[in-house]
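This briefing gathers notes on side-chain contacts and burial for a reader at the bench. Please keep the sequence and the model in view while reading.

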Amino acid sequence: MEKLIITAAICGAEVTKEHNPAVPYTVEEIVREAESAYKAGASIIHLHVREDDGTPTQDKERYRVCMEAIKERCPDVIIQPSTGGAVGMTDLERLQPTELHPEMATLDCGTCNFGGDEVFVNTENTIKNFGRLLIERGVKPEIEVFDKGMIDLAIRYQKQGFIQKPMHFDFVMGVQIAATARDVAFMVDSLPEGSTWTVAGVGRSQFQMAALAIVMGGHVRVGFEDNVYIDKGVLAKSNGELVERVVRIAKELGREVASPNEAREILGLKRK
């Protein structure tokens, strides 16, 4: 079985310090959380950035500052900017960090409900335009899917030339599709041959989904974006603490953890 790639989604766009005081906003806080996750065993930092007051932003220069600062402390880590941004942002806003030519960036392959009246919109043209620009900029997409239909859309757009093989998917479980073993297995069985995949369990399902992905041969995403607790009712002190728990689970289950360069080999990345 391949070594385990751990991704740390360190802050997201929706979670705040009211949810957990350790959620990072400033550049210094973002670097602190990235470093804590990296030192604990994360190979990939899934990155959203904020203004100092916590306001989500896709500003290219804010990303540049954060990415450069993370690289100073974690020189070989893979930084994966979000192109999801926050609900309500325009396509051009969301795409800004890809102008920095990171190794990876996210590509959301469908529209979904985010709770209440919030709808995360990804039209067919949005997905195609994002895919085309990622190819032009030499950025490998992590295909974010919130249900099985989004896998089917990704396959369709790959056949049309908007996504390149081999594809890497992130299953976000517990938002639109239930976080169950049945549903993860259904998603995995729907993938094209040669694909790699990661599971992100949202909320209380985070570590259950992590354990499932580990034994099934997939990879794992944890972090404050998806869950701010280390145990029921106990706030995590850092993203590093969440990563440490996944490393312990992997060790108990006999799965080795990949270094950033081993993750690059598994994902077919060329270090920039």
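**Side-chain contacts in a predicted model**

Glu262 and Lys3 form a salt bridge through their side chains, at 2.8 Å from N to O. Glu262 belongs to helix α9 (residues 260-267) and Lys3 to the segment before β1 (6-9), so this pair ties together parts that are 259 residues apart in sequence. The model is a predicted one, and the points below group its salt bridges, its ring contacts and the packing of one helix.

**Salt bridges**

- The count of salt bridges comes to 20.
- In the pair introduced above, Glu262 is partly exposed, with a relative accessible area of 27%.
- Its partner Lys3 also counts as partly exposed, at 28% relative accessibility.
- Arg32 and Glu33 meet through their side chains in a salt bridge of 2.9 Å, N to O.
- Within this pair, Arg32 is partly exposed at a relative accessible area of 35%, whereas Glu33 counts as buried at 2% relative accessibility.
- A further salt bridge joins the side chains of Glu61 and Arg64 at 3.0 Å, N to O.
- Both Glu61 and Arg64 lie in helix α2 (residues 60-73), where they are 3 residues apart, about one turn of the helix.
- Glu61 is partly exposed, with a relative accessible area of 38%, and Arg64 counts as partly exposed at 30% relative accessibility.
- Elsewhere, Glu144, Asp170, Arg221, Glu225 and Asp226 are joined into one network by salt bridges that share partners.
- As a general point, side chains of opposite charge can pair when their charged atoms come close.

**Aromatic rings**

- The structure contains 3 aromatic pairs.
- One of these is the pair of Phe171 and Trp197, which is stacked, with 5.6 Å centre to centre and 15° between the planes.
- The angle of 15° falls under the 30 degrees below which planes count as stacked.
- Phe171 lies in strand β10 (residues 168-173) and Trp197 in strand β11 (residues 196-201), so the pair ties together parts that are 26 residues apart in sequence.
- Phe171 and Trp197 are both buried.
- Ring pairs also link Phe114, Phe120 and Phe146 into a cluster.

**Charges over rings**

- Lys17 places its charged end over the ring of Tyr25, at 4.8 Å from the ring centre.
- Arg245 likewise has its charged end over a ring, that of Phe207, at 4.5 Å from the centre.

**Helix α6 and its surroundings**

- Helix α6 (residues 181-189) contains the buried residues Asp183, Val184, Met187 and Val188.
- These residues cover an arc of only 135° around the axis, which puts them on the same side of α6.
- The face of α6 turned away from this buried side carries Arg182 and Asp189, which are exposed.
- The packing partners of the buried α6 residues are β9 (140-145), α5 (148-159), β10, β11 and α7 (206-216).
- Two of these partners, β10 and β11, are the strands that hold Phe171 and Trp197, respectively.

Note on methods
Residues numbered from 1 in each chain as written. Predicted model: local features only at pLDDT ≥ 70, side-chain atom pairs only at ≥ 80, totals over all residues. Heavy atoms only, no water. Phe/Tyr/Trp six-rings, centres within 6.5 Å; stacked < 30°, edge-to-face > 60°. Helix = DSSP H or I, 4+ residues; strand = E, 2+ residues; numbered from the N terminus. Buried < 20%, exposed > 50% of the residue type's maximum accessible area, 1.4 Å probe, protein only. Lys NZ or Arg CZ within 6 Å of the ring centre and 35° of its normal. Arc of directions from axis to C-beta. Contact = heavy atoms within 4.5 Å. Salt bridge = Lys/Arg side-chain N within 4 Å of Asp/Glu carboxyl O.
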